[in-house]
Amino acid sequence: MNAKYEHVKTEFIGEGNKAYARLNMMNAGIIENPVNPFTGKLINNNEKTKHPQLVTSSQHWQTETNCGTTFDTSDGHWFSVHDDIFKEENWKQLD
């Protein structure tokens, strides 16, 4: 899949897997002014750049062992990252 599409991104997902395409429906304009049905807030990318993002190194990611809504991150560390995630100086360990 070598064609270039504005709102479709092709990704390699590992050996033995078929390539797949992901459609960004929000940016493609398929859904105008998308709103979160639970909060009523507009869905956009503002929160991704508004402030540093929080990241954990916890290995407890399984929802089955975390009640589905709350994660036990006691085995990992917390970090904040802003702007370019590939620049070490943009990362800060919080704990």
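**Exercise 1. Is Ser80 buried, partly exposed or exposed, and what is its relative accessibility?**

Before the solution, two remarks on the basis of the work. The model is predicted, so that local features need pLDDT of at least 70 and side-chain atom pairs count only at pLDDT 80 or more, while totals for chains, interfaces and linings use all residues. Residues are numbered from 1 along each chain as its sequence is written, and side-chain values use heavy atoms, with hydrogens and water left out.

Step 1. Ser80 is found in strand β4, where a strand is a DSSP run of E with at least two residues and a helix is a run of H or I with at least four, both numbered from the N terminus.
Step 2. Ser80 counts as buried because its relative accessibility is 12%, the class being defined as under 20% relative accessible area, with exposed over 50% and partly exposed in between (1.4 Å probe, protein chains only).
Step 3. Beyond the neighbours within four places in sequence, Ser80 is in contact with Pro52, Gln53, Leu54, Asn90, Trp91, Lys92 and Leu94, contact meaning heavy atoms within 4.5 Å.

**Exercise 2. Locate Ser58 and describe its surroundings.**

Step 1. Ser58 belongs to the loop between β3 (53-56) and β4.
Step 2. With a relative accessible area of 14%, Ser58 is buried.
Step 3. When neighbours within four places in sequence are left aside, the contacts of Ser58 are Asp72, Thr73, Asp75 and Gly76.
Step 4. The C-alpha atoms of Ser58 and Trp78 are separated by 8.4 Å, although these residues stand 20 apart along the chain.

**Exercise 3. Find the salt bridge and classify its partners.**

Step 1. Applying the rule that a side-chain nitrogen of Lys or Arg must lie within 4 Å of a carboxyl oxygen of Asp or Glu, one obtains a count of one salt bridge.
Step 2. The partners are Lys50 and Glu47, whose closest N and O atoms are 3.6 Å apart.
Step 3. Both residues lie in helix α2 (residues 46-50), three residues apart, which is about one turn of the helix.
Step 4. Lys50 is exposed, at a relative accessible area of 63%, whereas Glu47 is partly exposed, at 43%.

**Exercise 4. Place Asp84 and Ile85 and give their accessibility.**

Step 1. Asp84 sits in the loop between β4 (78-81) and β5 (91-93), and Ile85 is likewise found in the loop between β4 and β5.
Step 2. Asp84 counts as partly exposed at 32% relative accessibility, and Ile85 is partly exposed with a relative accessible area of 47%.
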